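Here is a quick tour of a protein model for anyone meeting it cold. Have a look at the sequence and the 3D view, then read on.

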Amino acid sequence: MKYNINEGMCPDMGNTSEKRKSYHAEFKEMVVELYQTGTPVKQICSEYGLSETTIYKWIRKQKPVKLDDGSSFTPEEFLNLQKELHRLKWFLFLPNGVSITGLIRKNCIDAPTRGRKKTCC
């Protein structure tokens with residue numbers, strides 16, 4: 001299955017060497033699938049104009065990590081879980097007397113601003 005590189009790029013990204021190319025998730029998944037089915041990385045590089053580093057990075061990001069209980073997750077899913085844990089810890093360990101509602105009213109956390117400017121305490 002061939003994939004048109006131009007369809008894989010973000011439409012607002014030009015083809016100049018000054019701008020970084022951006023690829024859709026479907027394109028990245030297709031490249032990783034080609035690798036997993038036995039297509040050599042050098043062949044994928046030449047067919048789609050990608051660097052080996054880029055391909056190996058996509059492979060690493062999509063490679064699932066298996067847990068002892070039989071479940072698995074990708075490094076990207078793990079990173080998202082870490083970020084969520086950090087946010088939850090921040091909420092749990094607010095200093096005494098500081099309420100989440102008060103912080104939202106003062107726009108110190110991500111909350112709808114309803115036309116007001118964001119300021120911090």
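A crossing of two helices is called left-handed if the near helix is turned anticlockwise from the far one by less than a right angle, and right-handed if it is turned clockwise. Keep that in mind for the helix pairs below.

## The overall layout

First things first: this is a predicted model. The protein chain has six helices and two strands. Walking along from the N terminus, you meet the elements in the order α-α-α-α-β-β-α-α.

The protein chain is 121 residues in length, and 21% of them count as buried. If you take the contacts in the protein chain with a separation of 6 or more, 22% come from residues 24 or more positions apart.

## Helix α2 and its partner α3

Let's start with α2, which covers residues 25-36. Does its length add up, and what span should you expect? At 1.5 Å a residue, its twelve residues should span 16 Å, and the end C-alpha atoms are indeed 16 Å apart, so the two agree. Inside α2, the buried residues include F27, M30, V31, V32 and L34. After the helix comes G38, with a positive phi near 105 degrees.

α2 packs with α3 at an angle of about 145 degrees, and their axes are 9 Å apart. The crossing of α2 past α3 is right-handed. On the α2 side, F27, M30, V31, L34 and Y35 take part, and they meet V41, I44 and Y48 of α3. Sorted by class, that contact has eight nonpolar residues, with no polar and no charged ones.

In the loop between α2 and α3 sits T39. With a relative accessibility of 18%, T39 falls under the 20% cut-off, so T39 counts as buried. Setting aside residues up to four places away in sequence, T39 touches L34 and I44.

## Helix α3 meets α4

Next up is the pair made by α3 (residues 41-48) and α4 (residues 52-62), which pack at an angle of about 115 degrees with their axes 9 Å apart. Here, too, the crossing is right-handed as α3 passes α4. V41, K42, I44 and C45 of α3 make the contact with E52, I55 and Y56 of α4. By class, this contact of α3 with α4 has five nonpolar residues, two charged ones and no polar ones.

The loop between α3 and α4 holds L50. Is L50 buried or exposed? L50 is buried, because its relative accessible area is 8%, and buried means under 20%. Not counting neighbours within four places in sequence, L50 is in contact with Y23, F27, V31, C45, I55 and W58. One of these, V31, is 19 residues from L50 along the chain, and their C-alpha atoms are separated by 9.9 Å.

## The two sides of α4

Which residues of α4 are buried? They are I55, W58 and I59. Looking down the axis of α4, these buried residues fall within an arc of 100 degrees, so they line one face of the helix. That buried set packs against α2 and α3.

Turn to the other side of α4 and you find T53 and R60, which are exposed.

Methods: Residues are numbered from 1 along each chain as its sequence is written. This is a predicted model: local features need pLDDT of at least 70, side-chain atom pairs count only at pLDDT 80 or more; totals for chains, interfaces and linings use all residues. Side-chain values use heavy atoms; hydrogens and water are left out. Axes are lines fitted to C-alpha atoms, for helices over the stretch in contact, and angles run from 0 to 180 degrees between N-to-C directions. Helices (H or I, at least four residues) and strands (E, at least two) are DSSP runs, numbered from the N terminus. Contact means heavy atoms within 4.5 Å. Ala, Val, Leu, Ile, Met, Phe, Trp, Tyr, Cys and Pro count as nonpolar, Asp, Glu, Lys and Arg as charged, and the others, Gly among them, as polar. Buried means under 20% relative accessible area, exposed over 50%, partly exposed in between (1.4 Å probe, protein chains only). The expected span of a helix is 1.5 Å times one less than its number of residues. The arc is that of the directions from the helix axis to the C-beta atoms.
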